[in-house]
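Okay, thanks everyone, I'll keep this short. Let me put the structure up and then walk you through the parts I'd like you to look at.

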Amino acid sequence: MTGFATQAIHAGQEPDPLTGAVVPPLYQVSTYRQESVGRPTGGWEYSRSGNPTRSALQDALAAVEGGEHGFATASGLAAADVLLRSVLRPGDHLVLPDDAYGGSYRLIARVFGAWGVEHTTVPVDDPAAIAEAVIPGRTAVVWLETPTNPVLGIADIRAAADAAHAGGALLVVDNTFATPYLQQPLALGADVVVHSTTKYVGGHSDVVGGAVVTGAGVRLPLGRSGPDGTDGLAAAVGFHLNAAGAVAGPFDAWLTLRGLRTLAVRMDRHSANALAVARHLEAHPAVRQVLYPGLPSHPGHALAGRQMRAAGGIVSVRLADEAAALRLTESTTVFTLAESLGGVESLIEHPARMTHASVAGTALAVPDDLVRLSVGIEDIVDLLADLDRALG
Ligand code: PLP
C-alpha cells in the first residue's frame, strides 16, 4: 500500500474487529476496566496515556508522512511545545526563519527564551545563512516552515538538513502549509515534522489539533539521552506527551482522521483554485505584488516545483498601503474575514493585525499592506468574482 490517498484512507484504519465498522470507532472514554491490578484490557489503561481513536490517527499520520511514530496533540502549538521540550535544554540554541507563524515564534522566543534557550533568525531561502547560524555542539534545533506563513517563502529542505546535521542539530519542518500530500520533508532529510492539523489535515474548520511525526531511528541531538535512558527521539516525545498531557481528545482525533481521508482530493482543488486566484490577481491593477510559489515570478518557484507536488492553497497579496489591505479584508463576501486557514471555505485576513500581531517589532514582522487568502474549494468563478468586486 504505497499510494498517498490509499494510505490516508486505510493506514491505521482497518475495519473494527468487533463489528466490522469500516470507520475507526470513536472511543470517547477516559479509562478502561482492568482484568486485575496492573493488567489493563488490551493494554489500554487511561486516555491521556493511550486511546484507540487517537492511536488510529497517529498511525495514519506516521504512514502518510513516511515517519516512524505519530503523536496527536491538543493543538499545533502543543505539538511544537512537546517536541521542543523533549529536545531542548537550558543554554541551547535554535535557528529559525525570519518568516514563520507568529505563535511558533512567540513560543520559541518568550516561553523557551525564559528557560534560557537562545535563538537566531535567518532568511528562510538562504541555506548558507542557515549553515552559518548553526553553532556546532550548541544548536540543538533548526526550525523551518516551508512555505512560510504568511509570506510564502520557500526553504531548501535538503540543504537545511545538511546544515543542521553538520552541526549536530535536528531539522524540524512545520509541514502545515504544504501537508504530507504536497511535500514529504522526512524523505528530503528532515528529522521530524510538526503540524497544525487544525488546518488542511482536519480541513473543515471544526477542530483544533496538532501532530509530531518522527523520522525512522532519529536520535536526540548533541549526544543526549531522554527520560527512559535511551537516545530515541520518539521515546522522548512519547514520554513528554504523557508527562505534560496535551494530547488530542478522542472526538478531535476522530474528526481529524475523517479530514485526513480526503486530504489528497482537497489539496488538488485548493492548489488549482489558488493558482487561478494568484494568476488573476497578478494581472489586477489594484494589486502591487502576489506572493505564491506556483507563479514563475516567485523567487522560490523552481525549488517549490522540485520539492512540492503543487504550490498549495495560500496566496498572499500586497496592496498600495494598509488602508487598502484592510478595505479588501472587509469587502469580500465569499471569502470570510477570519483567522486560521486550510478549511474547505475561503478565508481572508490581515496578518499584521491578526495572526501575526505577536511578532510586531521583531525580525518576523509582517508588512501591513499584506493580505493573506486561504483559498477554499468553492467554484473558482465565484472566488474570482468576489475578489474583483471587493478590489473594485
Ligand atoms: N504552524 C503554522 C504554520 C500555523 O499556521 C499555525 C496556526 O495558525 C500553527 C502552527 C499553530 O497551530 P494551532 O493554532 O493549531 O495551535
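Let's start at a single pair: E349 has R372, in β14, as its bridge partner. Keep in mind as we go that this is a predicted model. That pair belongs to strands β13, residues 347-349, and β14, residues 370-374, which run antiparallel to each other over 3 bridges.

Zoom out a bit and you get the sheet they sit in. It's an open one with 5 strands, ordered β10-β11-β14-β13-β12, and the pairing is mixed. At the edges you have β10 (289-291) and β12 (336-337), each of them pairing on one side only. Which helix packs on this sheet? That's α12, residues 322-329, and it touches β11 (314-318), β12, β13 and β14. The direction of α12 makes about 25 degrees with that of β14.

Now over to the other sheet. Here we have 7 strands, again open, again with mixed pairing, and the order reads β3-β9-β8-β7-β6-β4-β5. The edge strands are β3, at 69-73, and β5, at 118-122, so to speak the two that pair on one side only. On average, neighbouring strands in this sheet are turned by 20 degrees against each other, ignoring direction.

Within it, have a look at β6 (residues 139-145) and β7 (residues 170-174), a parallel pair with 5 bridges. W143 is the one to click on there, standing opposite V172 in β7. As for helices, α2, residues 52-65, packs on the sheet and touches β3, β8 (192-196) and β9 (210-214). Its direction is at about 130 degrees to that of β3. Then there's α4, residues 102-112, lying across β4 (93-97), β5, β6 and β7, and running at about 140 degrees to β5.

Next, the backbone oddities. As a reminder, most peptide bonds are trans, and most residues other than glycine have a negative phi. So where are the cis bonds? One joins T146 and P147, with omega at about -5 degrees. The other one I want to show goes from N149 to P150, and its omega is near 10 degrees. P147 is in the loop between β6 and α6 (157-166), and P150 is found in the loop between β6 and α6 too. Then look at L222, which isn't a glycine but has a positive phi of about 55 degrees. You'll find L222 in the loop between β9 and α8 (233-244).

Last stop, the ligand. Who's around it? The residues are S75, G76, L77, Y101, E145, N149, D174, T176, S196, T198, K199 and G209. You've met N149 already, at the start of that second cis bond. By type, the shell splits into 2 nonpolar, 7 polar and 3 charged residues.

Let me point out a few of the polar contacts to ligand oxygens. From L77 it's a backbone N or O atom, 2.9 Å from an oxygen atom of the ligand. With N149 it's an N or O atom of the side chain, and the distance to a ligand oxygen is 2.9 Å. For S196, a polar side-chain atom lies 2.8 Å from an oxygen atom of the ligand. And how much of the ligand does the protein cover? On its own the ligand has 390 Å² of accessible area, and the protein covers 90% of that.

That's my tour, over to you.

Key. Residues numbered from 1 in each chain as written. Predicted model: local features only at pLDDT ≥ 70, side-chain atom pairs only at ≥ 80, totals over all residues. Heavy atoms only, no water. Near = heavy atom within 4 Å. Polar contact = N/O pair within 3.5 Å; in protein donor to acceptor, adjacent residues only side chain to side chain. Areas by Shrake-Rupley, 256 points an atom, 1.4 Å probe, with all protein chains shown as cover. Nonpolar A, V, L, I, M, F, W, Y, C, P; charged D, E, K, R; others polar. Pairing = 2+ DSSP bridges. Helix = DSSP H or I, 4+ residues; strand = E, 2+ residues; numbered from the N terminus. Axes fitted to C-alpha atoms, helices over the stretch in contact; angles between N-to-C directions. Contact = heavy atoms within 4.5 Å.
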